[in-house]
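Here is a short round of questions and answers for a newcomer. Look the structure over before reading on.

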There are 2 protein chains.
Amino acid sequence: MTDTKPVRRIAIIGTGVIGASWTALYLAKGLQVVATDVAPNAEAGLRNFVEAAWPALKRLGLSPAASQSNLKFSAALAQAVDGADLVQENGPERIDFKQKLYGQLDELLSPDVIIASSSSGLTMSEIQKGAASHPERCVIAHPFNPPHLIPLVEIVGGAKTSEATIQRAANFYTSIGQRTVRVNKEMPGHVANRLQAALAREVYYLVAEGVVSAADVDTALCWGPGLRWGVMGNMMLNHLGGGPGGIEHFFQQFSGPMTAWWKTLGSPALTPEVQKKLIDSVHTEVGSRTIEALEAERDEILLGLIELRTKRPKAVAPRGVAAE
Amino acid sequence: MTDTKPVRRIAIIGTGVIGASWTALYLAKGLQVVATDVAPNAEAGLRNFVEAAWPALKRLGLSPAASQSNLKFSAALAQAVDGADLVQENGPERIDFKQKLYGQLDELLSPDVIIASSSSGLTMSEIQKGAASHPERCVIAHPFNPPHLIPLVEIVGGAKTSEATIQRAANFYTSIGQRTVRVNKEMPGHVANRLQAALAREVYYLVAEGVVSAADVDTALCWGPGLRWGVMGNMMLNHLGGGPGGIEHFFQQFSGPMTAWWKTLGSPALTPEVQKKLIDSVHTEVGSRTIEALEAERDEILLGLIELRTKRPKAVAPRGVAAE
């Protein structure tokens with residue numbers, strides 16, 4: 001695989017929730033997929049997942065060559081990765097397991113085949129120690145679950161990852177319509193999970209302290225600032241929040257109150273008592289609504305929003321979406 | 001005004017950005033508005049704002065009685081509030097100014113007229129000290145700017161605010177389609193601004209540390225978790241993130257990593273150097289795009305998202321949106 005050689009065949013290692021969602025995405029983009037997993041009934045589970053995901057993928061737009069029949073499954077690792085142009089690894093989050101796996105892959109694969117890990121909890125600097133011969137082609141490409149609906153891919157190299165690998169990975173994910181970010185330092189939680197954690201900390205604090213109910217803190221988010229966070233990012237919104245003076249004026253005006261609020265933000269401990277309070281408040285919010293119905297509702301609006309942002313008339317916003 | 005007497009006439013005190021946006025919203029809902037402001041050319045500025053906001057309000061749905069001709073303006077406070085069923089106060093954020101104003105309003109208005117403050121930085125317990133006779137009808141009803149587009153209203157009482165006032169205010173804002181939350185304790189930034197501050201703190205930290213560019217942290221937010229935060233709130237999303245096991249399973253699975261991430265979140269100081277780094281990165285992200293074009297893009301998608309959530313077919317989600 002080189003920059004000019006297109007990626008046509010992906011090997012998926014591990015077909016749990018993340019691996020299955022990647023599989024559905026790649027098939028929808030017209031790629032060949034060979035998946036492998038040692039779990040019993042893994043193939044049936046995977047095919048069911050892809051089948052269930054297909055209507056949403058159809059709505060977001062299938063590639064001309066997209067077909068569920070491009071999915072093959074093999075329980076044997078060597079067979080699954082044979083001829084792959086890129087490996088998407090979604091194995092268990094245990095460093096000993098991954099290092100051993102990367103050792104096997106390193107021997108099985110031509111040096112120009114990228115091994116991309118979906119790991120959220122381990123660093124590539126540690127994982128790639130297993131790939132003695134060609135650690136430079138190993139990179140983290142962390143999706144935001146589920147990748148067949150949410151386009152974000154966070155790309156992070158380890159100490160031995162080459163710049164060329166990072167660029168090639170970014171080009172590949174971008175070419176199939178995902179939105180990549182380059183994470184320059186290995187950080188716990190990469191970027192998106194850290195943003196989620198930062199927000200959740202204050203949400204839990206406010207509910208735990210009795211300032212608001214779960215229902216009300218959810219309303220405050222999803223009918224307030226959250227409405228904009230699915231449209232543009234924080235920095236761009238700050239730029240617009242400064243009016244004609246832009247980001248400079250924003251900081252002149254808001255760095256004072258912002259800093260003052262920071263001093264009062266909470267840092268809750270998730271004790272059993274706090275968890276119980278949060279859980280009880282969520283159940284009050286949920287009422288009799290089922291998880292299935294709520295999931296369907298979430299995904300319906302989510303798909304609509306993604307459509308709005310990817311298919312809207314060029315005349316409205318000729319420069320494309322923000323943050324690209 | 002009682003619970004059964006409908007609010008027909010609103011007095012708007014202060015026609016800056018927030019007051020003007022409230023004015024546009026109330027007119028769109030078919031209410032009579034009398035606005036007052038001491039600034040020169042305030043009336044012309046207000047009418048221009050309403051005119052400019054009207055197409056968006058039309059798209060979101062005007063009430064049958066909606067008309068820009070229902071706007072009156074008077075530079076005289078007593079004349080502006082005469083006959084008002086509710087006062088929306090958007091004066092300067094200075095406690096001495098507000099206390100004096102509330103003293104005047106308290107004398108001018110019948111005791112059953114609610115005085116609702118848009119204040120983001122002061123507490124009602126302090127403000128209502130100015131309203132010696134009837135402090136119980138004073139309440140904070142804090143919008144999320146701009147209220148004619150973003151439906152959130154945070155309702156917070158002061159020490160002397162009556163429960164009846166809080167209920168009546170909540171009923172009123174809900175009746176015109178806003179989404180209210182009840183904030184049980186006076187907190188700096190109420191709820192939504194605290195959530196914004198919590199997120200921004202980590203965003204600034206990651207850009208300041210060189211982990212990601214402004215463009216990339218924006219991509220991580222608005223093509224990642226942010227896509228969901230305009231759909232449902234954090235607590236409900238956690239419930240669904242737990243799969244069939246719901247919120248209980250979510251905490252079993254994620255309280256460990258979440259707590260670990262919390263320990264590594266940043267706490268940047270907004271020094272001039274850090275601000276410069278953030279500003280420079282935003283300018284790289286923005287490139288040659290103008291603030292006007294970006295605003296138009298933001299508002300176009302924002303309106304589309306609100307339409308998705310308020311006008312979608314009943315068959316898709318018969319129980320209405322989450323967090324209601």
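Q: Where is A:His190 in chain A?
A: This is a predicted model. Look at the stretch that links a strand to a helix in chain A. The strand is S8 (179-183), and the helix is H7 (192-208). A:His190 sits in the loop between strand S8 and helix H7 of chain A.

Q: What is phi of A:His190?
A: Most residues other than glycine have a negative phi. A:His190 is not glycine, yet its phi is positive. The value is near 50 degrees.

Q: Is A:His190 buried or exposed?
A: Buried means under 20% relative accessible area. A:His190 has a relative accessible area of 3%. A:His190 is therefore buried.

Q: Is B:His190 buried or exposed?
A: B:His190 is in the loop between strand S8 (179-183) and helix H7 (192-208) of chain B. Its phi is positive, near 50 degrees. Its relative accessible area is 4%, so B:His190 is buried.

Q: Which peptide bond is cis, with omega about -5 degrees, in chain A?
A: Most peptide bonds are trans. One in chain A is cis, and it leads into a proline. That proline, A:Pro146, lies in the loop between strand S6 (138-143) and strand S7 (152-157). The bond joins A:Asn145 and A:Pro146.

Q: Where is B:Pro146 found?
A: The peptide bond from B:Asn145 to B:Pro146 is cis, with omega near -5 degrees. Strands S6 (138-143) and S7 (152-157) of chain B flank the place. B:Pro146 is found in the loop between S6 and S7.

Q: How many helices and strands does chain A have?
A: Count both kinds of element in the secondary structure of chain A. The total comes to 13 helices and eight strands.

Q: What is the radius of gyration of chain A?
A: Chain A has 324 residues. A compact globule with that many residues would have a radius near 20 Å. Chain A agrees with this, at 22 Å.

Q: What share of the residues in chain A is buried?
A: The cut-off for buried is under 20% relative accessible area. Chain A has 324 residues to sort this way. The buried share is 59%.

Q: How far does helix H13 of chain B reach from its first C-alpha to its last?
A: H13 covers residues 291-311 of chain B, which is 21 residues. At 1.5 Å a residue, 30 Å is expected. Its buried residues include B:Ile291, B:Leu294 and B:Arg309. The helix comes close to the expected span, reaching 29 Å.

Technical notes. Residues are numbered from 1 along each chain as its sequence is written. Chains are lettered from A and ligands numbered from 1 in the order in which they are written. This is a predicted model: local features need pLDDT of at least 70, side-chain atom pairs count only at pLDDT 80 or more; totals for chains, interfaces and linings use all residues. Side-chain values use heavy atoms; hydrogens and water are left out. Helices (H or I, at least four residues) and strands (E, at least two) are DSSP runs, numbered from the N terminus. The radius of gyration is taken over C-alpha atoms; the globule rule is 2.2 Å times the number of residues to the power 0.38. Buried means under 20% relative accessible area, exposed over 50%, partly exposed in between (1.4 Å probe, protein chains only). The expected span of a helix is 1.5 Å times one less than its number of residues.
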